[in-house]
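Thanks for coming. I will take the strands to begin with, then the aromatic rings, then the charges over rings. Here is the structure.

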Amino acid sequence: MKIGVIGGGQLGRMLALAGTPLGMNFAFLDPAPDACAAALGEHLRADYGDQDHLRQLADEVDLVTFEFESVPAETVAFLSQFVPVYPSAEALRIARDRWFEKSMFKDLGIPTPAFADIQSQADLDAAVVTIGLPAVLKTRTLGYDGKGQKVLRTPADVADTFAELGSVACLLEGFVPFTGEVSLIAVRGRDGETRFYPLVHNTHDNGILRLSIASTDHPLQALAEDYAGRVLKKLDYVGVLAFEYFEVDGGLKANEIAPRVHNSGHWTTEGAECSQFENHLRAVAGLPLGSTAKIGESAMLNFIGEVPAVDKVIAIDDCHLHHYGKAFKVGRKVGHATLRCVDRATLDQQIKKVEALIKT
Ligand code: AMP
């Protein structure tokens, strides 16, 4: 079976690493000459709107999936004429736009921060009165790793901020005084079968994920699964979907969803029976889903900007290096390490050893 992937970054690369043992081949559509997934399959180097190359991709593969959500809607619509595309155009339309996403959560009875659609500075001034400060202004689309957003703490922060974010459609959200951030990686097959991985506790720095620790018997697991299940059903979703939640007042508020494999699920490569990457491929290919059970105690640490010396990383017991083969650049995710340990105390010790190798 040949899988077409829109995007050829590290997520595409890790999909191919997981799918190759299942007998799958891969083709990646990505305009970047140095797309790091290209080492693992065919690289169609073209823009996402290039219909000749989209047609070529559709002709060559059995199905198409994505490694990022900001794919133009026309690209998905065009491909869907010729080849099955998972997740669906509708799932992408909702997940790529914070207004559609939060409105869907609200319709499904899933708690969210207070939010308002912002089309102008006047909208922002009015919404700040209703929602109050502090608040967070985020572009509705194309934001990632904390980009395209600003925390507003004082009235002075509000003035001219709409223009500062590019005078594009935004969402204003009430600031959530969360006690923690957790994510749930879910997978749903073509037949509707749904499985969930254990909740992951995430630590961010400047909006970029640094550390994910998989939980054991998290008290909010059932609630997180309930909320996520509503979304999966509503979207008739196929594939892996990541849910990011704020932990607040002993409950959860939904932050966002990502219609793809997710950075906070990277620990599953060594830490779960079947990784998020393999399960995504199983789901979109209509194959039986794999077990989402955790093996041991697991965590993932991102390498941002540069990967520490390989020999030092792999010298740490229980540590597995994932190097994306990307050029080093400030703020860019260039690799990660996963840890899988026998108990939590050992995991905490080994996390410290990996952290000591990361330059700050
Ligand atoms: P996002 O791109 O929406 O995931 O936001 C990136 C990070 O900013 C989140 O992981 C939080 O740490 C923080 N953040 C986003 N929205 C809020 C909010 N409404 N209240 C408090 N912190 C937030």
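E5 and E8 run antiparallel, with four bridges joining them. This is a predicted model, so please keep that in mind throughout. E5 covers residues 115-118, and E8 covers residues 170-174. To give one bridge by name, Ala116 has Leu172 in E8 as its partner.

E8 also pairs with strand E6, residues 135-139. That pairing is antiparallel too, with five bridges. Within it, Val136 is bridged to Glu173 of E8.

How enclosed is strand E8 by the rest of the structure? Largely, because five of its five residues are buried. Both of its faces are covered. On one side the buried residues are Cys170, Leu172 and Gly174; on the other they are Leu171 and Glu173. So the bridge partner of Ala116, Leu172, and the bridge partner of Val136, Glu173, sit on opposite sides of a strand that is largely enclosed because five of its five residues are buried.

Next, the rings. With ring centres required to lie within 6.5 Å, the count is eight aromatic pairs. I will go through two of them.

In one of these, Trp99 and Phe115 have ring centres 5.7 Å apart and planes at 70°, so the pair is edge-to-face; the cut-off for that class is over 60 degrees. Trp99 belongs to helix H5, residues 98-107, while Phe115 is in strand E5, so the link spans 16 residues and joins distant parts of the chain. Phe115 is buried because its relative accessibility is 18%, and the limit is under 20%. Trp99, at 26%, counts as partly exposed.

Another edge-to-face pair is Tyr197 with Trp267: centres 6.2 Å apart, planes at 85°. Where do these two residues lie? Tyr197 is in the loop between strands E10 (194-196) and E11 (200-205). Trp267 is in the loop between strand E14 (251-258) and helix H10 (268-271). The pair therefore ties together parts that are 70 residues apart in sequence. Tyr197 and Trp267 are both buried.

There is also a cluster: Tyr227, Phe243 and Tyr245 form one aromatic group.

Last, the charges over rings. Arg55 lies over the face of Phe82, 3.9 Å from the ring centre. For Arg153, the charged end sits over the ring of Phe175, at 5.5 Å from its centre.

That is what I have; questions are welcome.

Definitions and conventions:
Residues numbered from 1 in each chain as written. Predicted model: local features only at pLDDT ≥ 70, side-chain atom pairs only at ≥ 80, totals over all residues. Heavy atoms only, no water. Phe/Tyr/Trp six-rings, centres within 6.5 Å; stacked < 30°, edge-to-face > 60°. Buried < 20%, exposed > 50% of the residue type's maximum accessible area, 1.4 Å probe, protein only. Lys NZ or Arg CZ within 6 Å of the ring centre and 35° of its normal. Pairing = 2+ DSSP bridges.
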